[in-house]
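Morning, everyone. Please pull up the model on your screens, and we'll walk through one domain interface.

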Amino acid sequence: MLVARAQRYKPAVQPQAVTSGVSVGERGLSRVYITGVGVVSSIGLGKAEYFASLAEGRSGISPVESFDASGLGREYAGEVKQFHAKDHLTAAELRRTGRCSAMTLAAARMAIRDAGLGDGDLSGGRTAVVLGTTMGEANIIADLDHRWIKSGPTGIKRALLPKYGSTLLPIHVARAIGAQGMVLTLPAACAAGNYAIGFAADLIRAGRADVVIAGASEILQELQFSGFVRLAAMAQNRCQPFDLNRQGLIVGEGSGLLVLESEAHAVRRGAVPQAEVGGYGLSCDAYHITRPHPDATGSIQAMKDAIAFSGIAANDVDFVNAHGTGTRANDTAEAKVMRAVFGDHQVPISSVKSTIGHCMGASSALEAVACVMTIETGIYPPTIGYETPDPDCDVMLVANTARVGKADVVLNNSLAFGGYNAVTCFARPGVLPPPQWRIPDGSHDRAPASAILARSPSLAESA
Amino acid sequence: MQPRAVTGLGVVSAIGIGREPFFRALRDPVPLADAPRRPIESFDATAYPGAIVAEALHFDPTRYLGDKGLRTLDRLTKMLVVAARLAMVDAGFKKDGLYVHSSPERVGICCSNAYGSLEAITELDRVAKLEDARYINPAKFPNTVSNSASGYASIWEDLRALNVAVSDGNCGALDATACADIYLDSLRADALLVGGAEAMSEALYLAFCRLGALRRVARLGEGAALLAVEPMEHARARGARVRATLTGYGTAFVAPETEEPLIFASGEAMEHAILAALGDSEAEPGEIDVVASSLSGLAPFDDAESGAIRRVLGDSAAIAAPKHYLGETLGAGGAMGMATALAWFDGVPPAHLVAGSLPSATKTVLVTSMGFYGNASAVVMRRAD
């Protein structure tokens, strides 16, 4: 029904295949398009099932089955129960990978297929793979640890050892598609997806890659689950972002991958871009290892930077995908960000974590996919379970039921352990001004200390 | 890559802590194969008689950080925070704990580790399995996340521009320079601490032992090395001493031709990476005076890497192997290579070359890192004249 409603909505600019010559922005920067997305989530595999569930508010939160959580006082998570690696991986890949890499490979294949690319289309040095995660193959290290505890050093299975390491996620994808460019993991905790997408877009803008497979993955794991319980950050059985009575987060898992493509590459093959990657902002709170800065100064700056790097104004933003973890500290800080950036011009905001839980390293990548789908359909997915307004969270929340509206420019907000803040802008193709490598002088309040820098030759110029 | 100024170094290593002790030790480093066995301090090694590792000897973080706030930090974090503090002072950004150049909003960190959270994960796993998951120390839980160490470095040194953790195995520290180059070029920061860290732990030692990767020459090491990197114009404008420039970067990945092996040494990837770095630096192969290689004593990887170096630079290329005296420091490896190059630019002669002959002067260095999975990265550095 929602999809039918969305089809009646007429976006300001209709997405269409890029067929004209390459239009370049200042300093010859390429636009960066998202031409395919892939998803493994607790509410569906593939973008159609994932977004339909999000839009309908079908929760992916359920009792944990992969380990016994009964003694911890918390038993619910956004666990992916319908994913079977053998449906997506070759026999050799199954032998080489753990669950996190398997989800990553599956999501990569979905994204590549969604982009209309085939096997071998991405081989060579002009394709890079940039992925994020928090703990990577956490099940592998847990297995090794448990063998070590149970049987001593000789109990450790040698064949398992090489499978551990967050380094491996992009390696597996690069092997599968024959990519020979940069393989990079950015373990930026809960902001990892935004970090990966932002850097991937820069690789393309700087002329260092034509296509980048970007995104992030995370799996549900006992130690991580227990840790959040011990931090007193976990809710009982539902996540209620921005609600007065919110109890905390619900841990989730999944993988969200995107195909990022230079405009020239997309033009050559007649690809239909689903969205454009705009600017992104990064900052660090340098305040506390797990808590956001109470004044949200770093997050505010990151969001302002994302807007400024996109060459737009705050009132051009149509929708914000919130980090929205459901913890008291996060949601209050995020409401301050919205107030500081948008003032009285309130912008609709929503948190998909109410539906799929907090998928840690994968969260902002899964949410990036949701942003792309929002741009494509005009549907703002709802924050489910919302009951009581919190005066400290004075935001225009899309509560409980999806809304249909203008979705030309969408921001994806994320905050993470370590004080990491990252915000990425996504837009309907054709909406944003030409991409810019640097923020124009005077357009934001974090100008470089030395004006001389603004005149220095740039990497982009040399590319 | 536009030339990026290196204006400071913070280093914690098996041969010295701080730039000057590190440079002094590089004048006559003792290869680990010949070094007397030292008692292991970082973990209880009674189960591993004969174990030899290249630890940061007598590492005492309280000497640099004071004794408050260290209780829940793991070894990796302590080393990285010390390196960050030393780098900020060495580059002249801070004096007596306060910024004297630039500001917290304009300085950040971009650094690598490969297995940084291993110590915390294994410790908390033991608590969960042998006692109860309800007894996990929540203050130590953040250490299980691999960007935790760089998060703490930001907190301790007030680095707010951006904080980027890289996890690319042995190539991570060199790949961090590529990230930093882009972030600096787009003016997201005035300066970045760039490098990597890796800490010794029983789990790490045991893993490499079980893989059969520890030999007479191949020894695990640990440490942290951070270079203060900034645009040339910024360094000049603030009157900083430029110790070297980063001028080129290259990376590549080449998968094995057969399906099964996961661990794979790709000489082809290394060759591509070196050629890309030279091209990025607009340098000819003949300009490279010496290579700070990642040769570590593991024959398949050493053969692939040295073969690639010779194919690009010629059979007479001078090749050094800093890992022979610093140990295999994994995610910190490339940073240790760059730190070693800084010493060579400062007049320290490259020690224990494994190939070629000593250059009359070291003006241009190629730093290489060989990944375990078919990836390789390279960086070109030049002496500041």
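**Where the two domains meet**

Start with polar contacts: 11 residue pairs, both at pLDDT 80 or more, make one between domain 1 and domain 2 of chain B. A polar contact here is a pair of N or O atoms within 3.5 Å; within protein, one must be able to donate a hydrogen and the other to accept it, and residues adjacent in sequence count only if both atoms are side-chain atoms.

Two housekeeping notes. This is a predicted model, where local features need pLDDT of at least 70, side-chain atom pairs count only at pLDDT 80 or more, and totals for chains, interfaces and linings use all residues. Residues are numbered from 1 along each chain as its sequence is written, chains are lettered from A and ligands numbered from 1 in the order in which they are written, and side-chain values use heavy atoms, with hydrogens and water left out.

Now the bounds. In chain B, domain 1 runs 4-237 and domain 2 runs 245-383; these come from an automatic or database domain assignment. Their centres, over C-alpha atoms, lie 21 Å apart.

How many residues touch? 51 from domain 1 of chain B contact 44 from domain 2, with contact meaning heavy atoms within 4.5 Å.

Next, area. About 3,700 Å² is buried between these two domains of chain B, 70% of it from carbon and sulfur atoms. Buried area is the accessible area (1.4 Å probe) that two parts lose on being put together, summed over both. On the domain 1 side, F23(B), N170(B) and L174(B) supply 20% of the buried area, more than any other three residues.
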